[in-house]
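The following report describes selected features of the structure shown below, from individual side chains to a pocket and a pair of strands.

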Amino acid sequence: MPRNPNAFHAERGNCCAQPCHPAHCLPPCPPPGCATGATGATGATGATGQGIDLSGAYQTYKQFIIEHPNGTGTPGEAYIVGGHLYVADDDGNWVDTGVVQGATGATGETGATGATGQTGATGATGVCDCSCPLAGSLITSLNFGSPITIDAATGNVTALSPLPPAENIAVNQDAQEIYIANIGGVVTFTNQYGSILGSVNPAAAVSGLAYDPVRQILFVATPDPGEVLAYDVTTRDLLYAINAIPGSGQLAVNPATGALYVVGNDNSLYYVPTGATTPQAETSLAASAGQPAVDPASGFVYVPLGNGDVNVYDAELQYENAFHVGDTASAAAYNPATGKIYVTTGDEGTLAVIDNLALEGIYPVGASADAVTVDPARNLLYVADYGDGLVQRVDGATNAVAGSYAVPNGMYFNANALGLLEAPCTGGATGATGATGETGATGATGSPGSTGATAPPVYAQPSGFANLN
């Protein structure tokens with residue numbers, strides 16, 4: 001049966017007539033005319049929620065649980081284990097709240113390469129383990145007869161006929177020439193085969209020869225009238241004369257500077273700078289002097305004396321040191337390969353070795369020892385043993401006699417009557433490789449790559465816990 005419309009409007013009217021009509025009045029009533037009630041009092045503050053204390057991280061659950069067994073945790077204590085967040089509940093047991101560590105982000109771009117470090121220091125040179133074959137031609141003189149050459153490899157002797165006995169010998173390694181001053185005062189230019197290439201005649205007896213390989217000058221000492229003559233070995237022209245040296249005798253030249261050192265018969269040593277015609281300095285010696293030697297690296301001059309001393313002077317004849325090597329000291333020679341000085345001792349038959357201004361030792365080499373010359377390529381020394389009529393070959397590494405060469409009819413006695421035309425060392429094994437240089441400094445660190453994107457964390461709240469956010 002249809003509803004009475006009048007009843008509907010009556011209900012609605014009654015509904016809308018209420019002071020604050022309900023919202024369910026249908027149809028809706030016009031906005032109520034009653035005011036909103038006063039705000040109620042604030043409720044009491046709720047209890048503080050349980051937070052967490054993130055205390056560390058572990059790769060695996062096994063590692064974690066060994067160190068933190070269940071029942072040992074403090075409420076709110078938390079660890080990240082394999083990307084999961086484990087939180088201790090009120091009983092100290094561990095609750096896995098879920099994944100909190102996102103997947104690894106993409107690898108960032110590689111940073112720029114750092115600057116190259118400085119090159120390390122060069123390693124030490126390896127010690128040569130090669131053994132150069134014997135070679136070269138020794139030149140010496142006989143008591144009676146022409147000078148001879150001795151093949152260092154075979155010992156074969158060749159007479160340089162028809163030259164008279166040689167009192168002094170100098171060699172030109174570059175041109176492979178030999179300069180021989182004979183008893184008559186003529187200086188002959190020859191080669192190892194005895195071919196006469198020319199001569200110079202100082203018109204006086206010759207007491208000393210020295211060759212300057214840098215300036216290609218041959219110095220010839222004449223005791224009377226006390227001059228040293230300088231000749232161009234290419235043209236054989238006289239370049240100049242050095243005067244004011246009484247009874248000039250044995251000579252030594254510094255190839256690095258061209259300085260000349262002259263022994264006078266007044267027991268003095270004279271210093272003549274390059275190209276000078278008079279000495280610049282002199283020093284008195286305690287005894288007569290033999291054949292001096294110069295160390296071009298230091299400029300020191302080593303002078304063997306008849307009293308057995310070896311005096312050492314600087315380039316301008318300032319005294320440096322002295323060594324006593326025996327009853328007499330005859331001749332000195334410098335080895336450019338080792339920097340050592342060798343001094344013979346005449347009738348004592350020994351060889352003194354001086355290294356870095358220190359006497360290394362004195363070694364026997366024969367019945368006597370006078371003239372001495374050096375083969376630096378093979379670290380060998382050759383000593384004129386006139387007592388035995390031999391040229392002794394001495395190993396510079398051990399200072400022991402390694403061989404000898406017989407000289408027919410004996411040797412002419414002179415501290416400067418032995419020379420050597422060297423031969424290059426072309427054989428032998430390659431020397432050991434030098435030590436590796438120090439590592440260069442580390443290059444500067446490259447710029448860091450860009451950080452990979454981090455995956456968003458996922459949190460799961462354990463039951464019985466307050467909101468962890």
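## Salt bridges and their surroundings

Asp 212 is buried, with a relative accessible area of 1%; here buried means under 20% relative accessible area, exposed over 50%, and partly exposed in between, with a 1.4 Å probe and protein chains only. The structure is a predicted model, in which local features need pLDDT of at least 70 and side-chain atom pairs count only at pLDDT 80 or more, while totals for chains, interfaces and linings use all residues. Residues are numbered from 1 along each chain as its sequence is written, and side-chain values use heavy atoms, with hydrogens and water left out.

Asp 212 forms a salt bridge with Arg 215, a term that requires a side-chain nitrogen of Lys or Arg within 4 Å of a carboxyl oxygen of Asp or Glu. Arg 215 is partly exposed, at a relative accessible area of 29%. By this rule the count comes to 3 salt bridges, set out in the table.

| Salt bridge | Closest N to O separation |
|---|---|
| Arg 215 and Asp 212 | 3.0 Å |
| Glu 360 and Lys 340 | 3.0 Å |
| Asp 375 and Arg 378 | 3.2 Å |

In the bridge between Glu 360 and Lys 340, Glu 360 belongs to strand β27 (residues 359-364) and Lys 340 to strand β25 (residues 340-344), so the pair ties together parts that are 20 residues apart in sequence. Strands are DSSP runs of E with at least two residues, numbered from the N terminus. Glu 360 is partly exposed, with a relative accessible area of 35%, whereas Lys 340 counts as buried at 15% relative accessibility. In the bridge between Asp 375 and Arg 378, both residues are buried.

## Two buried threonines

Thr 149 lies in strand β6 (residues 148-151) and is buried, with a relative accessible area of 5%. Its contacts (heavy atoms within 4.5 Å), not counting residues up to four places away in sequence, are Leu 138, Ile 139, Asn 156, Val 157, Thr 158, Leu 160 and Gln 192. The C-alpha atoms of Thr 149 and Gly 419 are separated by 9.3 Å, although these residues are 270 residues apart along the chain.

Thr 222 is placed in strand β13 (residues 217-222) and is buried, with a relative accessible area of 1%. Under the same sequence exclusion of up to four places, Thr 222 touches Pro 202, Ala 204, Ala 205, Ser 207, Glu 227 and Ser 248.

## The largest pocket

A pocket is an open set of points on a 1 Å grid over the protein atoms alone where a 1.4 Å probe fits, with protein on both sides within 12 Å along at least five of seven lines; lining residues have an atom within 4 Å of a point. About 990 Å³ of space lies in the largest pocket, the volume being the space filled by probe spheres set on the points. Its lining comprises 35 residues, of which Val 171, Tyr 211, Val 253, Tyr 334 and Thr 373 lie nearest its centre.

Strands that each supply at least two lining residues include β8 (166-172), β12 (208-212) and β28 (372-375). β8 gives the most, with 4 residues. The lining divides into 27 nonpolar, 6 polar and 2 charged residues, where Ala, Val, Leu, Ile, Met, Phe, Trp, Tyr, Cys and Pro count as nonpolar, Asp, Glu, Lys and Arg as charged, and the others, Gly among them, as polar.

## Strand β2

In strand β2 (residues 77-81), 5 of the 5 residues are buried, so the strand is largely enclosed by the rest of the structure. Glu 77, Tyr 79 and Val 81 point one way from β2, and Ala 78 and Ile 80 the other way. β2 pairs with strand β1 (residues 53-58) in the parallel sense over 4 bridges, pairing being assigned if DSSP finds at least two bridges. Glu 77 in β2 is the bridge partner of Asp 53.
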